[in-house]
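The exercises below are meant for a reader who is meeting this structure for the first time. Try each task before reading the solution that follows it.

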Amino acid sequence: MLIFAIESSCDETACAIVKDGREVLSNVVFSQIKTHQKFGGVVPEVAAREHLDSIGVVIKETFEQAAISPKEIDAFASTVGPGLVGCLLVGLNAAKTLSLVHNKPYIGVNHLQAHVCANFIESDLKPPFMCLLVSGGHTQVIRVEDYDKQEIVASTIDDAVGEVYDKVARLMGLPYPGGIMLDKLAQEGNPKAFSLPEAKVGEDEFSFSGLKTALLRLTQSFKGKEMPIKDICASFQHRVSDTLIKKTVNLADKYNYKTIITAGGVAANSELRKKLAQLNDKGYITYAPKMKYCTDNAAMVGSCAYFNPIKCANSLELEVFSRD
Ligand code: KG4
Ligand code: ZN
């Protein structure tokens, strides 16, 4: 089954053609990061307009890269939420239009489920598994019993991990989105340079607001002096990745899951991937998406449209939504 998928929930205009949920025939991502950098974050109205400007070109490029014509496509899919409503509408209307013009089904996809499905691309992963989903808007541990049978067993009570990365990066004067840059600097620093607090919350909760405040105080303590930025980044990254892995492993043990995977933009983080891979020596089987499928892309939407579409009687009636 060939699916043409669109992702436009935030600041990436992306299209992909995916075969049977696992094989990517083309994958085009147009990032708006440069536009939003000057504002220090995504401006929703500006993002929606940029999606409108670029969607046509991205669709054309995606068909050309795969050397496939729209007539060969079996279904057209798009992310319907959660995300920025104006942005989602651009992808939804483009996909529904393609579906009507070519007389093929339209499939709606949940963005978070799509991040999970990034792990099926070019891999042999099958449920059941425990998934640590870490993105700019979400931090969850999801128990995936089957492709379409999932339960959230832990989530954040305040900020999402990606959000904390971006806020801490801003404290240190790094450009938006700070996650990647902070990760790079952390790799050159000493993770034990500063001892940072770990939130005392329930096994089904994450909390990062205390850590964020500790980082604010730490950076302020260097006012007027040179800040040991690499050591601060390394210490922060160590604390975050340690907490994420520890909690996920505890939940995997509790529910008796041996396969642990990660997903979402922060799954691109070097330390998190390293700590996850180290679990292989402890008897777990681990998976992480290829780097290009961690941050927002449409290949994961194409995979999700195949494995775990939003179920509804008439998908053309599906509307976008901002929050899960
Ligand atoms: O999944 P994603 O592309 O968008 C959302 O659905 O939110 O995630 C974006 C988030 C941003 O906060 C970004 O800073 C973070 O993922 N991120 C990283 C890394 N690469 C992207 N955070 C830590 N380390 C990275 N290497
Ligand atoms: Zn995302």
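**Exercise 1. In which loop is D20 found?**

Solution. The model is a predicted one, in which local features need pLDDT of at least 70 and side-chain atom pairs count only at pLDDT 80 or more, while totals for chains, interfaces and linings use all residues. Residues are numbered from 1 along each chain as its sequence is written, chains are lettered from A and ligands numbered from 1 in the order in which they are written, and side-chain values use heavy atoms, with hydrogens and water left out. D20 sits in the loop between β2 (12-19) and β3 (23-31), where helices (H or I, at least four residues) and strands (E, at least two) are DSSP runs numbered from the N terminus. Although D20 is not a glycine, its phi is positive, at about 50 degrees.

**Exercise 2. Locate the cis peptide bonds that precede P82 and P177.**

Solution. Begin with G81 and P82, which are joined by a cis peptide bond with an omega of about -5 degrees; P82 belongs to the loop between β4 (75-81) and α3 (85-102). Then turn to Y176 and P177, whose cis peptide bond has an omega of about -10 degrees, with P177 placed in the loop between α5 (161-171) and α6 (178-186).

**Exercise 3. Describe how domain 1 and domain 2 meet.**

Solution. First, set the bounds: the domain assignment (automatic or from a database) gives domain 1 as 2-118 + 294-317 and domain 2 as 126-289. The contact, meaning heavy atoms within 4.5 Å, takes 18 residues from domain 1 and 23 residues from domain 2. Taken over C-alpha atoms, the centres of the two domains are 27 Å apart.

Next, consider the area. The size of an interface is often given as the accessible area lost when the parts come together. Here about 1600 Å² is buried between domain 1 and domain 2, with 66% of it from carbon and sulfur atoms; the value is the accessible area (1.4 Å probe) that the two parts lose on being put together, summed over both. Of the area that domain 1 buries against domain 2, L112, V116 and C294 supply 36%, more than any other three residues.

Finally, look at the polar links. The interface of domain 1 and domain 2 holds 1 salt bridge, a term for a side-chain nitrogen of Lys or Arg within 4 Å of a carboxyl oxygen of Asp or Glu. On the side of domain 1 that touches domain 2, α1 (33-37) and α4 (111-117) each supply at least two residues, and the largest share, 4 residues, comes from α4.

**Exercise 4. Which residues come nearest to ligand 1?**

Solution. Of the 18 residues around ligand 1, the nearest are H115, G136, D166, D183 and N269, a residue being counted if one of its heavy atoms lies within 4 Å. An N or O atom in the side chain of H115 is 3.0 Å from an oxygen atom of ligand 1.

**Exercise 5. Which residue meets K290 in a salt bridge?**

Solution. A search of the whole structure finds 17 salt bridges, and in one of them the side chain of K290 meets that of E122, at 2.8 Å from N to O. This pair links distant parts of the chain, 168 residues apart, with K290 in the loop between β11 (285-287) and α10 (299-307) and E122 in the loop between α4 and β6 (129-134).

Conventions: Polar contact = N/O pair within 3.5 Å; in protein donor to acceptor, adjacent residues only side chain to side chain.
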